[in-house]
Amino acid sequence: MAIISRLPGVTLLLVGLTLLSGNARAAEPSYDDYVAQVKAGKLDIDYTAFRMAYAASPKYEPYGAARALIGQIKKAYVAGDCPAAIAHAKEVLEVNFVQIDAHMVTASCLKKAGNEEEARRAHAVFIGLVRSVLGSGDGKSPETAFVVIGIDEEYSVMAALSLTLVRQALINHGGSAFDRMEVKKRDSDEIATLYFNVDRLQAQMARTFQNQSPQKIQ
C-alpha cells in the first residue's frame with residue numbers, strides 16, 4: 001500500500017490500462033461483424049475467433065435446421081446439380097456462416113461456372129475454417145483433441161484428411177465430452193483413432209433442454 005501511495009501516477013496509469021484492456025475486450029468482433037467482413041471481401045481474419053463468436057452467439061444451433069440442409073447440399077452436389085447445391089448452401093450460410101461444407105461446395109460450383117473470383121473467396125473461407133479446426137489440436141488423444149462447434153465440422157475435417165468413419169462413440173474424459181472416431185484412409189484398412197472435443201455442443205444442448213418449458217418437453 002505504501003508503494004501505491006508514493007506513486008499515484010503509476011496507480012492512475014494502471015487504472016487507465018485496465019480500462020483500455022476492458023474496452024479492447026468489448027471491442028472484439030461479434031459473429032455478425034465477422035460475417036460482414038467476409039462478405040465485404042476481408043478474408044485474412046481469425047477463423048477460430050470467427051467460429052467461437054458464432055458458438056457464443058444467440059444464433060448458435062448445432063442441432064438446428066442447418067444440419068438437414070447440409071444433407072441436401074451434398075445430395076445435389078454429388079448429383080452434379082450445382083444450382084441446387086448453391087441454393088441450399090446459401091440457406092445454410094444464412095443461419096450458420098461458418099459451416100465448412102457450404103463454403104466448399106459453393107467454391108467448387110462457382111469454379112465450374114467460371115466465376116473464378118467468387119470461387120476463390122469461398123475457397124479461402126473454406127480453407128480458413130478447416131485450418132482453424134486442425135490447428136486446435138492433433139486429434140490423437142482427449143488432451144489434444146480437435147475442438148469443434150458442430151458435428152458437421154468433424155466430418156468436414158475427416159473428408160479434408162481423406163478419412164472415412166468406421167466407428168463412433170461419445171465418451172467422457174477429465175470432465176469433458178469427446179467424440180471418439182475410429183477412422184481409416186480410403187485406400188487402406190489400417191484403423192486410427194481421432195478425438196473431437198464436443199463440450200460446446202453438449203453445453204448448448206443442455207441449455208436448450210433447460211430453456212424448454214415442461215409443456216414443450218411433454
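## A tour from a helix pair to the aromatic cluster

Begin by selecting helix 5 and helix 6, where A66, L69, I70, Q72, I73, A76 and Y77 of helix 5 are in contact with A84, A85, H88, A89, E91, V92 and V95 of helix 6. Of the residues that form this contact of helix 5 with helix 6, 11 are nonpolar, 2 are polar and 1 is charged. Please keep in mind throughout the tour that the model is a predicted one.

With the same two helices still on screen, turn the view until both axes can be followed; the axes of helix 5 (residues 65–78) and helix 6 come within 8 Å and cross at roughly 160 degrees. Because angles over 145 degrees count as roughly antiparallel, helix 5 is roughly antiparallel to helix 6. The crossing of helix 5 and helix 6 is left-handed.

Now zoom out for a moment to take in the whole protein, whose secondary structure comes to 11 helices and 4 strands. Buried residues make up 38% of its 218 residues, and among the contacts with a separation of 6 or more, 50% are between residues 24 or more positions apart.

Next, select the aromatic side chains. How many aromatic pairs does a search of the whole structure find? The search finds 6 aromatic pairs. The rings of F50 and F97 have their centres 6.4 Å apart, with their planes at 35 degrees, so this pair is tilted. F50 belongs to helix 4 (residues 47–55), whereas F97 sits in the loop between helix 6 (82–95) and helix 7 (100–112), so the pair ties together parts that are 47 residues apart in sequence. Are these two rings buried or exposed? F50 counts as buried at 0% relative accessibility, and F97 is buried as well, with a relative accessible area of 9%.

Move on to Y54 and Y60, whose ring centres are 5.4 Å apart and whose planes stand at 90 degrees, so that the pair is edge-to-face. Both Y54 and Y60 are buried. If you then add Y31 and Y34 to the selection, together with F50, Y54, Y60 and F97, you will have one aromatic cluster on display.

From F97, step across to H103, which is found in helix 7 and is buried, with a relative accessible area of 4%. Leaving aside residues up to four places away in sequence, H103 touches L93, F97, A122, V125, F126 and L129, and F97 in that list is a member of the aromatic cluster.

Return to helix 4 and select R51, which lies in that helix. R51 is buried, with a relative accessible area of 1%. The C-alpha atom of R51 is separated by 9.4 Å from that of Y34, and these two residues are 17 residues apart along the chain. What does R51 touch, not counting residues up to four places away in sequence? The residues are V98, L129, S132, V133, V147, V148, I149 and E153; L129 is also among the residues that H103 touches.

For the last stop, follow the contact from R51 to S132, which lies in helix 8 (residues 116–134). S132 is buried, with a relative accessible area of 8%, and, not counting residues up to four places away in sequence, S132 touches Y47, T48 and R51.

Notes: Residues numbered from 1 in each chain as written. Predicted model: local features only at pLDDT ≥ 70, side-chain atom pairs only at ≥ 80, totals over all residues. Heavy atoms only, no water. Phe/Tyr/Trp six-rings, centres within 6.5 Å; stacked < 30°, edge-to-face > 60°. Buried < 20%, exposed > 50% of the residue type's maximum accessible area, 1.4 Å probe, protein only. Axes fitted to C-alpha atoms, helices over the stretch in contact; angles between N-to-C directions. Parallel < 35°, antiparallel > 145°, perpendicular 65-115°, else oblique. Left-handed = near helix turned anticlockwise from the far one by under 90°. Contact = heavy atoms within 4.5 Å. Nonpolar A, V, L, I, M, F, W, Y, C, P; charged D, E, K, R; others polar.
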